[in-house]
Amino acid sequence: MTEITHLDAQRVAMLLTASIKSVTFYPQAHPAVRQPLQELSGILDMMLHRKPEIHFGVVEGVFFLEDHLFVAPNSSVAELADRLTAKGIDAVTTYPGVNQEDLFRFASLLARRDVTADNLPSEMERSGIRTLRLGIDQPVYGDASDADGAAPSKTYLDALNAVRGTMSEIENGRIPDSDRINAVVDDMVSLTIKDHTTLLGLAMIKDYDNYTFNHSVNVGILALALAAFQGMPRDFLRDTNTAGLLHDIGKTGIDKKILNKPGKLSSDEYEVMKTHAEKGAEIIGGMKNISPRVGEAVLGHHIRHNRTGYPEWARGRELGVMTEIVAVADCYDAITTLRSYSVPVLPKAALDMMRRISGTSLNGELVEKFGEMMGNYPVGTLVRLDTNEIALVVRPHPMESTLPGVKIILDSRGDALEYPKMVSLAATEGTRYASIVSTVDPLLKNVDVGSYFAT
Ligand SMILES: [Fe+2]
Ligand SMILES: [Fe+2]
């Protein structure tokens, strides 16, 4: 199979520049528009027969397409690099099926003066572009970075490492340094402030072998998203995120035999396990540059809304909203990670379970908000579309809960797609890729939901 050549990559850039220029002056049907778009879609289509996705964008002012960097660009490529930078684009992913229509809409948006870095994402959504997407959907352990130096997947890995590092410092008898946690919190908060749904899919990654680290990061993400969904200020988001990441840090002080015991704990063992909340608060109290309310939230994350939890001595304390947000996030991740008969509880069922303990164990208002945030089809839900394709919900729509972003994983005949296709179900002016018909049990389709978020 032939690789993508430097000349092909350059041709893509030049054709895109030409298209941007011509759409400003001519209608779509004009040859000056049609010709470059036709050639562009042809080349991209050819590339997409060799790779599942094609990425292009700008790194440090340099245009790239896949492996090709244009350090000494011709004027047309340089113009594109400037244009992408001006629109705040660091990367674009192109998917199979890319067509002239989508390329025309994309070029038109890049040409418009009133489209800025701020409103480009929503304009992309509005214009119904389906085969081009801003950013790179990297595998979780990839190392993409965006303009702020933080892509969701990289941030997830950074967070895992920060939690792991903090815990191992404690195990080695040191007071952990908060710099690493604070740096990753900055990244997570920046990504979430732009769009509270950005990190949510990553919280569906379940790693049973590294449960504590994985669970900590997921709780950090879910708590942060819930706080952002309610429009809390930045410093509140930072502290909530930190509290989520560190909520179980006191488990470093629990005997490993108890911590990793597969069966039910004896009542003595359970008493020991319960001390992780106060141990965690104590550790945090000793760390520099961590707000005291993070320690409060960690201390209180098992006290429960109706004060029936632990530590018993702390039940009389006031439970701040941050503490209760962490408790809601903790509960959701624990339930969706649960495997009874090795079947994880589905997101929708987890929300129903939480609603049953809302007002007693959990703060009812927050459970309601959490349900609202996750939408009718929570991330991780498998759905059947009216095209008869089967898709996985990977991202809620920020406003419209019946129109999430999905990954199509089975075609209309039920055959698995080699390369799942990202599609937004939202559209405007009557054009929409498809609608959701029903939810589907992943077991019936033999689908391992978590694996789609981890790769
Ligand atoms: Fe806990
Ligand atoms: Fe927990």
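I take two strands to pair if DSSP finds at least two bridges between them. The model I am reading is predicted, and I kept that in mind throughout.

**Entry 1: the sheet with strands 4 and 5.** With that cut-off in hand I looked up strand 4 (residues 91-94) and strand 5, which pair in the antiparallel sense over three bridges. Within this pairing I found Thr93 opposite Arg133 of strand 5. I then followed the sheet outwards and noted an open arrangement of five strands in the order 3-2-1-4-5, with antiparallel pairing. Strand 3 (68-70) and strand 5 (132-134) are at its edges, and because each has a single partner strand, one side of each is left without a neighbour in the sheet. Averaged over neighbouring strands and ignoring direction, I noted a turn of 15 degrees.

**Entry 2: the sheet with strands 9 and 10.** Here I again found five strands in an open sheet with antiparallel pairing, the order being 11-10-9-8-12. At the edges stand strand 11 (416-424) and strand 12 (436-440), each with a single partner strand, so one side of each has no neighbour in the sheet. The twist from one strand to the next averages 35 degrees. I looked more closely at strand 9 (residues 390-395) and strand 10 (residues 405-410), which are joined in the antiparallel sense by five bridges, and I noted Leu410 of strand 10 as the bridge partner of Ile390.

**Entry 3: the nonpolar cores.** Which residues touch the most other members of the largest nonpolar core? I found that these are Ala223, Leu226 and Val328, in a core of 83 residues. Helix 8 (residues 211-229) supplies the largest share, 11 residues. Since domain 2 (152-374) and domain 3 (382-454) both give residues to this core, I place it between them. For Leu226, leaving aside neighbours within four places in sequence, I listed contacts with Ile325, Val328, Ala329, Leu366, Lys369, Phe370 and Met373. I also noted a second, separate core of 37 residues, which includes Met14, Ala18, Ala81 and Phe104.

**Entry 4: the domains.** The domain assignment of the protein chain gives me domain 1 (6-134), domain 2 (152-374) and domain 3 (382-454). I then checked domain 1 against domain 3, whose centres, taken over C-alpha atoms, are separated by 26 Å. Their contact takes eight residues from domain 1 and 10 residues from domain 3. Sorted by class, the side of domain 1 that touches domain 3 holds three nonpolar, one polar and four charged residues.

Terms used:
Residues are numbered from 1 along each chain as its sequence is written. Chains are lettered from A and ligands numbered from 1 in the order in which they are written. This is a predicted model: local features need pLDDT of at least 70, side-chain atom pairs count only at pLDDT 80 or more; totals for chains, interfaces and linings use all residues. Helices (H or I, at least four residues) and strands (E, at least two) are DSSP runs, numbered from the N terminus. Axes are lines fitted to C-alpha atoms, for helices over the stretch in contact, and angles run from 0 to 180 degrees between N-to-C directions. A nonpolar core is a set of buried Ala, Val, Leu, Ile, Met, Phe, Trp, Tyr and Cys residues joined through C-beta atoms within 7 Å. A residue is buried if 20 or more other C-beta atoms lie within 10 Å of its own, exposed if 12 or fewer, and partly exposed in between; C-beta atoms are placed from the backbone. Domain bounds come from an automatic or database domain assignment. Two residues are in contact if their C-beta atoms, placed from the backbone, lie within 7 Å. Ala, Val, Leu, Ile, Met, Phe, Trp, Tyr, Cys and Pro count as nonpolar, Asp, Glu, Lys and Arg as charged, and the others, Gly among them, as polar.
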